[in-house]
Amino acid sequence: MKFHVLTLFPEIPRAFFETSIMAKAVTRGIIDYNLVNIRDFAYDTHKNCDDKPYGGVLGKRVPGMLMLPEPIALALASVGVTARAEGSKSGLQRKRVVFCTPSGKPLTQALAGELAAEDELVFICGRYEGIDQRVIDLYVDDEISIGDYVLSSGEVATTVVIDAVYRLIEGVISSESLEDESFSDGLLEYPQYTRPEIYRDLTVPEVLLSGHHEKIRRWRLRKRIEKTLAFRPDLIEKMRDSASFSEEVELIIKELENGIGFNSQD
Ligand code: ADE
């Protein structure tokens, strides 16, 4: 998989590509990346990449600046992206273009999985108040929001999306690590503990020391349901229609709703 990131601040995504698990995946040749500085495609002497939005009222302060369309279009052309209507001139599959914005569709584990199936992805990072709508209309395939809040940096949102995507690519992390994590089957993750066994008077739940696989499985499932009910009841509702909604899950939900507890040995 190759990630192209078009940005005015390449140092932000570069730090991510050069660190930890991502850096290893790059060294091992599983991931490749290309950081393109949009400012290199600015055409005036000041290398200007933004301007006032239309719609301002005379004499009123303009709320924010927008990124100009042409430097972005030239940066896209430099990585071989054609406008959506043109399809792929080379006969190769057109690269999928992503723009992170609070007004996009929500980033989910399912969407991350879909993006991970692409050979290449191109990200446009917005700054200031955003980008000219015509760039979105002409080139962008996916407008993605990482949550209901506003960041000042499209680079940070883009890096979040890249992180959610690249770890799903085969060989980056083990498939066992992906199995029980949050959202893998619609539930949040169970709590985990490491050494020491007693930390500031808090002990590791006994069941985890028992070595009893079935009891541990049941404890973890119950903890996942407990946490999902508390923090994300919407996920439980969604899960009701899916294959992961087993009789066992239904029974645990009923017990929890009726206040039936269990001790750490169960
Ligand atoms: N850019 C700024 N805020 C964002 C958000 N919440 N999601 C995606 N991109 C953004």
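This section describes the strand order, aromatic pairs, salt bridges and a surface patch of a predicted model.

The predicted model contains an open sheet of five strands. Their order is S2-S1-S6-S5-S7, and the pairing is parallel. Strand S2 (32-37) and strand S7 (142-145) form the edges. Each has a single partner strand, so one side of each lacks a neighbour in the sheet. On average, neighbouring strands of this sheet are turned by 30° against each other, direction ignored.

Strand S6 (residues 120-124) pairs with strands S1 and S5. Strand S1 (residues 2-7) runs parallel to S6 and is joined to it by five bridges. Within this pairing, phenylalanine 3 has leucine 121 of S6 as its bridge partner. Strand S5 (residues 96-106) also pairs with S6 in the parallel sense, over four bridges. Here valine 97 stands opposite valine 122, and valine 98 stands opposite phenylalanine 123. Four of the five residues of S6 are buried, so this strand is largely enclosed by the rest of the structure.

Aromatic contacts were searched across the whole structure, and five pairs were found. The ring centres of phenylalanine 16 and phenylalanine 17 lie 6.3 Å apart. Their planes stand at 65°, so the pair counts as edge-to-face. Both phenylalanine 16 and phenylalanine 17 are buried. Phenylalanine 16 also pairs with tyrosine 166, again edge-to-face, at 5.9 Å centre to centre and 85° between the planes. This second pair links distant parts of the chain. Phenylalanine 16 belongs to helix H1 (residues 11-17) and tyrosine 166 to helix H6, 150 residues apart. Tyrosine 166 has a relative accessibility of 5% and therefore counts as buried. Ring pairs join Phe16, Phe17 and Tyr166 with Phe3, Tyr33 and Phe123 in a cluster. Phe3 and Phe123 of this cluster recur in the sheet, where phenylalanine 3 is the bridge partner of leucine 121 and phenylalanine 123 stands opposite valine 98.

The salt bridges number 18. Arginine 94 and aspartate 141 form one of them, with the closest N and O atoms 3.0 Å apart. The two residues are 47 positions apart in the chain. Arginine 94 lies in the loop between helix H3 (69-78) and S5, and aspartate 141 in the loop between helix H5 (133-139) and S7. Arginine 94 is buried at 17% relative accessibility, whereas aspartate 141 is partly exposed at 32%.

A salt bridge of 2.6 Å, N to O, connects glutamate 114 and arginine 96. Glutamate 114 sits in helix H4 (residues 109-116) and arginine 96 in strand S5, 18 residues apart. The glutamate is partly exposed, with a relative accessible area of 43%. Arginine 96 is buried at 14%. Both residues belong to a network of salt bridges that also includes Lys105, Glu118 and Asp142.

Glutamate 181 and arginine 167 meet in a further salt bridge, at 2.8 Å, N to O. They are 14 residues apart. Glutamate 181 lies in the loop between helix H7 (175-179) and strand S8 (198-199), and arginine 167 in the loop between H6 and H7. In this pair the glutamate is buried, with a relative accessible area of 13%. Arginine 167 is partly exposed at 21%.

On the surface, Ile12, Tyr149, Leu151, Val156 and Val160 make a nonpolar patch of about 380 Å². Tyrosine 149 occupies the loop between S7 and helix H6 (154-166). Its relative accessible area is 44%, so tyrosine 149 is partly exposed.

Note on methods: Residues are numbered from 1 along each chain as its sequence is written. This is a predicted model: local features need pLDDT of at least 70, side-chain atom pairs count only at pLDDT 80 or more; totals for chains, interfaces and linings use all residues. Side-chain values use heavy atoms; hydrogens and water are left out. Two strands pair if DSSP finds at least two bridges between them. Axes are lines fitted to C-alpha atoms, for helices over the stretch in contact, and angles run from 0 to 180 degrees between N-to-C directions. Patches are made of residues with over 30% relative accessible area and no salt bridge: like charges are joined within 9 Å, nonpolar side chains (Val, Leu, Ile, Met, Phe, Trp, Tyr) within 5 Å. Accessible areas come from the Shrake-Rupley method with a 1.4 Å probe; for residues, only the protein chains shown count as cover. A salt bridge is a side-chain nitrogen of Lys or Arg within 4 Å of a carboxyl oxygen of Asp or Glu. Buried means under 20% relative accessible area, exposed over 50%, partly exposed in between (1.4 Å probe, protein chains only). Rings of Phe, Tyr and Trp (its six-membered ring) pair if their centres lie within 6.5 Å; planes under 30 degrees apart count as stacked, over 60 as edge-to-face and the rest as tilted.
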